[in-house]
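These are my notebook entries on a structure that I had not looked at before. I wrote down each thing in the order in which I looked it up.

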Amino acid sequence: MTGSIRRIQAIFIKDWQDFLKNQYMLFTALLPLLTAAWIKRAGDGSIEIMIWPITLAFVVAGSFLQAGTIAEEKEKNTLRNLLLTPVSTTEIFIAKSLLSSLLTIGIVVVVIYLSDFSLPPSLPLFFLAILISLMIYVAIGTILGLLSRTVIETSVVGMPVLILFGMGTMIKQAIDLPVLSRVIEYLPNESLIQITTGLEEGVPFSAISSHFFILLVWMIVSIVVTVYIYGKRRFD
């Protein structure tokens, strides 16, 4: 157990040091904070607008930074060496996701403070939705990183994620297309908005349970796909 913690800690420290040296990732991490400050200044108190910086934090820190971390390992050809070490799959997943997860949580906390976001009355359910969303976006980021060959390529591969998962609600409101709106309703960011709205209005859990189910499905599928792609890359 102690050896496992030490291996995870070693990988985490290396990722943290690489993150501090990467200006692209540092600047990217600031985007949700700038968005939150702008929303506070604009004074729009709707749930869809207030939740947007939190969603952006998931996309940017949870997915993009995670993808960049994995892709950088591949670009430097150090990921292959890591895959061939005695470190277990679980240890690698935890270690490589730890930095992105902690950064995302930190950014979400600051975003809530900067935007004057009012936390809903039922905090346990809200935090549960946040936790499940975090796991979804980190898993998606890992997938993007494994599919990308370089850090820059993650921006190209991840652009659909940024557009749909980060701005899906705004797209639905701007474009009157029933099919597109129907698809967006099943995205995790839309479910997070619906859960937050329901908790703010004090509706019973049964009214928002379907959105929690959607988040759980996304979490399970994204983790399974991550493990599959990881196993394939390791075999290659």
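I began with L119, which I found to be partly exposed, with a relative accessible area of 38% (buried means under 20% relative accessible area, exposed over 50% and partly exposed in between, with a 1.4 Å probe and protein chains only). I placed L119 in the loop between α5 and α6, where helices (H or I, at least four residues) and strands (E, at least two) are DSSP runs numbered from the N terminus. Leaving aside its neighbours within four places in sequence, I noted L119 in contact with I112, F126 and E200, contact meaning heavy atoms within 4.5 Å. I also noted that the C-alpha atoms of L119 and T196 are separated by 8.7 Å, although the two residues are 77 residues apart along the chain.

Before going further I wrote down that this is a predicted model, in which local features need pLDDT of at least 70 and side-chain atom pairs count only at pLDDT 80 or more, while totals for chains, interfaces and linings use all residues. Residues are numbered from 1 along each chain as its sequence is written, and side-chain values use heavy atoms, with hydrogens and water left out.

Next I looked at the whole chain. I recorded 11 helices and 0 strands for the protein chain, and I saw that 47% of its 236 residues count as buried. Among contacts between residues at least 6 apart in sequence, I found that 79% join residues at least 24 apart.

I then turned to α10, for which I noted 14 residues and a reach of 20 Å from the first C-alpha to the last, close to the 20 Å expected at 1.5 Å a residue (the expected span is 1.5 Å times one less than the number of residues). Of the 14 residues of α10, 11 are buried, so I described this helix as largely enclosed by the rest of the structure. The buried residues of α10 include P188, E190, I193 and G198. S191 is found in α10 as well, and S191 counts as buried because its relative accessibility is 0%. Outside its neighbours within four places in sequence, S191 is in contact with E185, H211, I214 and L215. Just after α10, I noted that G202 takes a positive phi of about 75 degrees.

How do α6 and α10 run, and at what angle do their axes cross? I found that the axes of α6 (residues 123–147) and α10 (residues 188–201) come within 10 Å and cross at roughly 175 degrees; axes are lines fitted to C-alpha atoms, for helices over the stretch in contact, and angles run from 0 to 180 degrees between N-to-C directions. I therefore entered α6 and α10 as roughly antiparallel to each other, a term for angles over 145 degrees. On the α6 side the contact is made by L125, F126, A129, I130, S133, I136 and Y137, and on the α10 side by P188, N189, L192, I195, T196 and L199. I sorted the residues of this contact into 10 nonpolar, 3 polar and no charged (Ala, Val, Leu, Ile, Met, Phe, Trp, Tyr, Cys and Pro count as nonpolar, Asp, Glu, Lys and Arg as charged, and the others, Gly among them, as polar).

My next entry was on α3 (residues 47–75), which has 29 residues and reaches 40 Å from its first C-alpha to its last, close to the 42 Å expected at 1.5 Å a residue. I noted a kink of about 30 degrees in α3, centred on P53, the bend at a residue being the angle between axes fitted to the seven residues ending there and the seven starting there. I also wrote that α3 is mostly covered, with 25 of its 29 residues buried. Just after α3, N77 takes a positive phi of about 65 degrees.

Last, I looked up F93 and R41. F93 has its place in helix α5 (residues 89–114), and leaving aside its neighbours within four places in sequence, F93 is in contact with T226, V227 and Y230. R41 has its place in helix α2 (residues 23–42), and I recorded R41 as exposed, with a relative accessible area of 78%.

Methods:
Angles under 35 degrees count as roughly parallel, over 145 as roughly antiparallel, 65 to 115 as roughly perpendicular and the rest as oblique.
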